[in-house]
Amino acid sequence: MKAIYKRELRAYFKTPVGYIFLSVFIFFAALMFVFINMGAQQTSMSSFFSNVGLIFVFVIPVLTMRLFSEERKSKTDQLLLTAPVRVSDIVFGKFLAATTVLLIGVAATMLFVPIMELYGTPAVAETLVGYLGLFLLGVFFVALGMFMSSVTESQVIAAVSTLGILMALWLLSGMSLQFSEILAGSLHFLGAGLDWLLDFISINARLYDFTLGTLNFVPVFYFLSLAGLFVFLTIRVIERRHWK
Amino acid sequence: MVEIRNLTKKYGNQLAVDNISFTVKKGEILGFLGPNGAGKSTTMNILTGYLSATDGTVLIDGYDVLDNPVLAKKKIGYLPEHPPLYLDMTVREYLDFVYDLKQVKEDREEHLSKICETVKITDVADRLIGNLSKGYKQRVGLAQAMAGNPEVLILDEPTVGLDPKQIIEIRSVIKKLGREHTVILSSHILQEVNAVCERLVIINKGRLVAGDTPENLGKSISNENKFQLRVAGDERSILDVLEKIGGIKYIKSLGRKEAGSIDFIIEAEPHVDVRASIFNALAEAKLPMLSLQTVDLSLEDIFLEVTKNQGKKEIADISEDEIEIVNQPKEKEDGAAEELAAQKEKIAEGADEDESDLQA
Amino acid sequence: MKNQKKFRYSLNSKAFIVGAVIIVLLLNAILISLNDKIALEIDFTEDKIYALADESKEIAGQIDEPTEILILTSGVDNEILSMVKNVLGNFGQHNSKITIREVNVVKEPAAVQAYAKELETLSQFSLIIRQSDRYEIVNSQDYFSQNGFSYIERLVTTKLATFVDGIHNATILFTKGHGEQVSEGNVGILEMTGYEVGQIDTLTEDFPAAEDSVVIISCPQVDFSVEEIDKLDAYLDLGGNVQIYFDPVYCSTELPNLVNYLSEDWGLIRNTDIVWDMSQMIENSNYMLAQMSDHEITAPVYDSQKRVGYGPANSIGRAPEKPANVTIHTLLKSYDSAYAKADIQTAISQGSMEKASGDAEGPFDVLVAASRENENVAGELHVGHLVVSGSALIFDALTADTRFANEDILLNSISWMQGGESSITVRAKMLPGGSMSVSKTQFWTWLVILVVVVPLAILVAGILVFVKRRYK
């Protein structure tokens, strides 16, 4: 696992991928921070956190698209899968490498806190909880992106499908509660069910807890369990291919 | 060392590998021979645990690849048909990674530089794999397989796509490796495996068709009585002359390859040397013989030989076709003849390649 | 046998995948639905917004009939709703009798039909707290103060208290008819704490029953008549409670009747000076820091880190002689660095509030509490309570700021008057974050550094690495 992790992490920084990810992420995150916090002169980063996830929707596919599709295309998966390592080690190594790059990005934006210290007194503990939420959201997205990458041989398809799914998730969670209004009346029962479902998949609803400054076990479990599920599914996909 | 029992692999309803069994002893170099699409790569992928069999068992030094994948894989070095190279890494970085991946216990520096020397890639160690020539890439692939000194080396078509010089070099490397390792080497070229292997296993359409030492196989498949002939003159008159010679099994026109001459493939009856009679007959008819050489046995020829006894129908059909051409040469247009010639050439390509290789 | 093996492998794997997906989704569904009922969170906010104060717990714990808190929404899910739900969830977690329900008014207009007459004041995220046929409204406009405090918990607790038997808050009456200036902040805090706030025309109306009432004379500009003073005195004799706020700026008129009464009957002198303290100014305000003296009223905040502020004040002096049945305690006094100008006119003529020669030297009392025992003919002992402030601003703006103890002192003074029976005072809680001051130049500097320089540097580094390696 360590070997895979190391190689994957190096690959991010020996090719432009890691730099593009960090650069684009920091660009948009900084834009949001400067306007939302410095512009409005507020130290609360909750608005920042509620919006910054949207950047992930666009940049995380870049981070995850090549993880497995590239290996399959260039046949290097034959090296990994015939090496004396378990499939789960391969998947975890890659997942952790992508997560590390994500963490670097998130940690870079944590510098916003000391910047605010220069001009006010931000609540550090609350803000750190927000950052934790942001990171966990990213971890979930990375796992999902990795899964998509394991399903296809094409990086482009992996990236576009990940982007599509993340975008859909993001839009749906913004749409919570509104479907039932459309369906109000005869289909009310259906609408209520849909509401519940939308609330369930609402990333925003889970993220709010963090942005408010509370560390809630429920959203922590939500993001981690979904990330774990996609890691598990990726392992299954790779192992099943072996049987095909 | 490697034991394969009743190996079967199905893709959907298609049988890719059909009930193959053979064993490879420790220190043996085994040639795994078969035409493209015969199931060689599938079998090798199963041996190395990349794919799993639909049925059957693979034991590597007693460990089942399916039940004890990590232990079994530890004993294998695999060079797949397409070397699994990360083009954006340097050779050194790549081998470092493989060293870590295989959890090699030996001293890193010493081990890797020894491998680099063996496959002669020391001078490109700091270059990006993507920028290397095909031959170098293949050698890096081989180096990767050698990392960790696995007891079994499985090499899938290690010389495909290389130039003759590279083929010779890789071949000598493999021979050298064979002293310390058990090697399974696949190829679709007989000469390739003949040159390095102690034993051959031949498969076609997923089935094992023969398995023996090259000598034994060679005895049963003699190719001494098949020639390629180039004669100046027009095709009709040459054929008239040749058809009268006794002891010739069949004649096949390959068409014009050099201005004013026609090439033929001639096969004599077993144990009859017809070379002198041909020379004399042509000289008599004042048709100058420009060249006469024995034809190397192509894999198709071997299949013809080894499967003849099994009464494979498809192969018999092809032979009839060929005879037909000989019998009705008048009706054939020149263009059609050329086309056929081109086809035949393709079939003989493997042999040609090897030939030029030997010349080099 | 091998076939069985494969079968087992693939079956396992299929069952595994489906099972794992179902388990994960199910667990999450359960946890999400439990979220409102069980506290599974750690509150990292500085003011512990999401943890109930002990007072709230006490009140919530006393609710013994099913009580529902409706959150009115219009289908928008945002942070405010999350926050409100989170805070309310705590009540539900503390007492299962209390349930929280979101009501989408667009979808179920029928649900709010019963409150039609309140509809005008109701808005998104307003709360309706109901128990059988009684209900209380908490308006969303009152949730947050401008300077970043959350009053949700406090408002809900106060409203819940009305459903609890045995909790009865005093009535607070502001006198009128004397040009009184009443601070809205003062009234707001009292109402939010659950007091019934009203007015009293002391000229025409009778004083209320002494127990369970407080009369506040806030910054009067017209003197009280002798009759009114007599009624006031009688009220105090019966154990009444009075707070009087003077001010050197907003109501500097002399009030001979009132001032004489205080001096003769209570031994307290209202000076017409103006106390100022340049060295103890609170940033961005007209307030100065005061020192607390230990007393029942200040005790709860005496040891806390909280500061207390006062506005420009009349110093409150002591008469040479005071009636024997009166006890006086200083609550707040200025620091030693304070000084007092003779009156506001002097300050105006000096053209500056800087200390000048002739100014009296501090410290000065600015808030005092006095009690007077009185035994009536029947031999019953009544204790009248009086709080006199030299500054009307003392219970104004700063009372809303939980970093200051002003609110505590106001509310504690009222509960002291009630014989120590404490009111439900759930403090407002500071919302996450605060403000910072960034100048235009700083804004643009950071914009360039963070948005242009840093990403560009990373990108260039990436290109360099890429190009360098490309030709290796």
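Student: How many aromatic pairs does the structure hold over all chains?
Tutor: 22 in this predicted model. Rings of Phe, Tyr and Trp (its six-membered ring) pair if their centres lie within 6.5 Å; planes under 30 degrees apart are stacked, over 60 edge-to-face, the rest tilted.

Student: What kind of pair do Phe48(A) and Phe49(A) form?
Tutor: An edge-to-face one, 5.5 Å centre to centre with 65° between the planes.

Student: Is Phe48(A) buried or exposed?
Tutor: Phe48(A) is buried, with a relative accessible area of 0%. Phe49(A) is buried too, at 2%. Buried means under 20% relative accessible area, exposed over 50%, partly exposed in between (1.4 Å probe, protein chains only).

Student: New topic. How many residues does each chain bring to the contact?
Tutor: Chain B brings 31 residues and chain A brings 25, contact being heavy atoms within 4.5 Å.

Student: And what area is buried there?
Tutor: About 2600 Å², with carbon and sulfur atoms giving 63%. That is the accessible area (1.4 Å probe) that two parts lose on being put together, summed over both.

Student: Which three residues of chain B supply more of it than any other three?
Tutor: Tyr50(B), Tyr86(B) and Leu101(B), with 27% of the area that chain B buries against chain A.

Student: How many salt bridges cross the interface?
Tutor: The rule finds 3, where a side-chain nitrogen of Lys or Arg lies within 4 Å of a carboxyl oxygen of Asp or Glu. One of them joins Arg66(A) and Asp88(B), at 3.9 Å from N to O.

Student: How is this numbered and filtered?
Tutor: Residues are numbered from 1 along each chain as its sequence is written, and chains are lettered from A and ligands numbered from 1 in the order written. Local features need pLDDT of at least 70, side-chain atom pairs count only at pLDDT 80 or more, totals for chains, interfaces and linings use all residues, and side-chain values use heavy atoms, leaving out hydrogens and water.
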